[in-house]
Amino acid sequence: MMILVIVIFGIVGCRNSSVNESKKENVPVESWSDGLKEYEASWPNRFDFGRSASKEFIAKWDIDVRPDGRGLPKGNGRPAYGALMYKQKCASCHGKNGYEGPEVKLVDDGSGANIIGNYWPYATTIFDYIRRAMPFDRPGSLTDQEVYDITAYLLSLNQIIDADDEINEQSLPKIEMPARKQYVLDDRKGGKEIK
Ligand code: HEC
């Protein structure tokens with residue numbers, strides 16, 4: 001008896017699946033997308049997860065500094081203060097003098113590596129990068145004051161400003177980086193004019 005039941009179910013099961021498959025094949029694509037639209041229309045307006053981004057929340061992410069200095073906060077930095085900060089928060093990865101590693105070099109050691117002083121076209125990018133990405137293990141943890149001081153220190157280590165110079169939101173964009181002239185404006189449009 002048991003065996004008979006299994007056999008009957010087996011046959012019914014097979015028949016059902018083959019019926020379904022042939023049904024599927026015959027349904028025109030439009031009906032599928034209609035079905036999807038109907039399904040989407042049944043969705044609620046809100047799924048009740050996530051939250052609206054407040055102005056304060058967006059402001060925390062809206063920190064880009066452009067090459068011309070737009071976006072720089074008001075402030076100033078001095079290499080001497082930055083040196084202290086560097087020792088505490090950067091030297092463990094970038095070395096006591098900025099080139100011993102273990103991570104990338106920030107100062108030239110004569111090895112020909114690409115570093116801030118010979119490769120970066122804009123001084124403002126140093127501020128932007130440090131503020132958003134460093135220290136690597138605690139990005140976003142530095143105050144603007146600390147970022148200004150460390151930027152000044154790195155500029156002085158790279159011999160772009162003097163050790164007792166001060167930088168601020170006005171002067172930083174005006175610093176002419178040594179690598180600036182090696183960059184050309186990419187004005188390609190995707191046609192014959194591609195260089
Ligand atoms: C835990 C290790 C660590 C610490 C601490 C750290 N960095 Fe870095 N840093 C890195 C790594 C790794 C990179 C390369 C990241 C990449 O290429 O994506 C990097 C890259 C950089 C660069 C880009 C260099 C280039 O030419 O590409 C700068 C500038 C920099 N760090 C500055 C700092 C400053 C300033 C501090 C201290 C406030 C700091 N870093 C602390 C690990 C660290």
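Start with helix 4 (residues 79-89) and helix 8 (residues 144-157): their axes come within 7 Å and cross at roughly 100°. That crossing makes helix 4 roughly perpendicular to helix 8, because angles from 65 to 115 degrees count as such. Now show the residues on each side. From helix 4, pick Pro79, Tyr81, Gly82, Ala83, Met85 and Tyr86. They meet Glu146, Asp149, Ile150, Ala152, Tyr153 and Ser156 of helix 8. Colour this contact by class, and you get eight nonpolar, two polar and two charged residues.

**Zoom out**

This is a predicted model. Display the whole protein as a cartoon. It has eight helices and two strands. Trace the chain along the sequence, and the pattern reads α-α-α-β-α-α-α-α-α-β. Of the 195 residues, 20% are buried. Take the contacts in the protein with a separation of 6 or more: 64% of them join residues 24 or more positions apart.

Next, colour by confidence. The mean pLDDT of the protein is 87, and 84% of its residues reach 70 or more. Then select residues 4-22. Here pLDDT stays under 50, and the model has zero contacts for this stretch beyond four places in sequence. Where pLDDT is low, the predicted coordinates should not be read in detail.

**The ligand**

Select the ligand and expand the selection to its shell. Which residues are closest? Look for Cys90, Cys93, Met134, Pro135 and Phe136, among the 18 residues that surround the ligand. Two elements give two or more residues to this shell: helix 5 (91-94) and helix 7 (123-133). By class, the shell has 13 nonpolar, two polar and three charged residues.

Stay with Pro135. This residue is in the loop between helix 7 and helix 8. Check the peptide bond that leads into Pro135 from Met134: it is cis, with omega near -5°.

**A second cis bond**

Move to Pro102, in the loop between helix 5 and helix 6. The peptide bond from Gly101 to Pro102 is cis, and its omega is near 15°. For background, most peptide bonds are trans.

**Tyr122**

Go to the loop between helix 6 (116-119) and helix 7, and select Tyr122 there. Is Tyr122 buried or exposed? Tyr122 is buried, because 21 other C-beta atoms lie within 10 Å and the cut-off is 20 or more. Leaving out residues up to four places away in sequence, Tyr122 touches Pro67 and Met177. Add Glu176 to the view. Tyr122 and Glu176 are 54 residues apart in sequence, yet 7.3 Å apart in space, C-alpha to C-alpha.

**Two positive phi angles**

Most residues other than glycine have a negative phi. Two stops go the other way.

- Asp48: select it in the loop between helix 2 (29-41) and helix 3 (55-61). Its phi is near 60°, a positive value in a residue other than glycine. Asp48 counts as exposed because it has 6 C-beta neighbours inside 10 Å.
- Gln159: find it in the loop between helix 8 and strand 2 (167-168). Phi of Gln159 is near 60°, again positive in a residue other than glycine. With 12 other C-beta atoms within 10 Å, Gln159 is exposed, since 12 or fewer is the cut-off.

Key: Residues are numbered from 1 along each chain as its sequence is written. This is a predicted model: local features need pLDDT of at least 70, side-chain atom pairs count only at pLDDT 80 or more; totals for chains, interfaces and linings use all residues. Axes are lines fitted to C-alpha atoms, for helices over the stretch in contact, and angles run from 0 to 180 degrees between N-to-C directions. Helices (H or I, at least four residues) and strands (E, at least two) are DSSP runs, numbered from the N terminus. Angles under 35 degrees count as roughly parallel, over 145 as roughly antiparallel, 65 to 115 as roughly perpendicular and the rest as oblique. Two residues are in contact if their C-beta atoms, placed from the backbone, lie within 7 Å. Ala, Val, Leu, Ile, Met, Phe, Trp, Tyr, Cys and Pro count as nonpolar, Asp, Glu, Lys and Arg as charged, and the others, Gly among them, as polar. A residue is near a molecule or strand if its C-beta atom, placed from the backbone, lies within 6 Å of it. pLDDT is the predictor's confidence in each residue, from 0 to 100.
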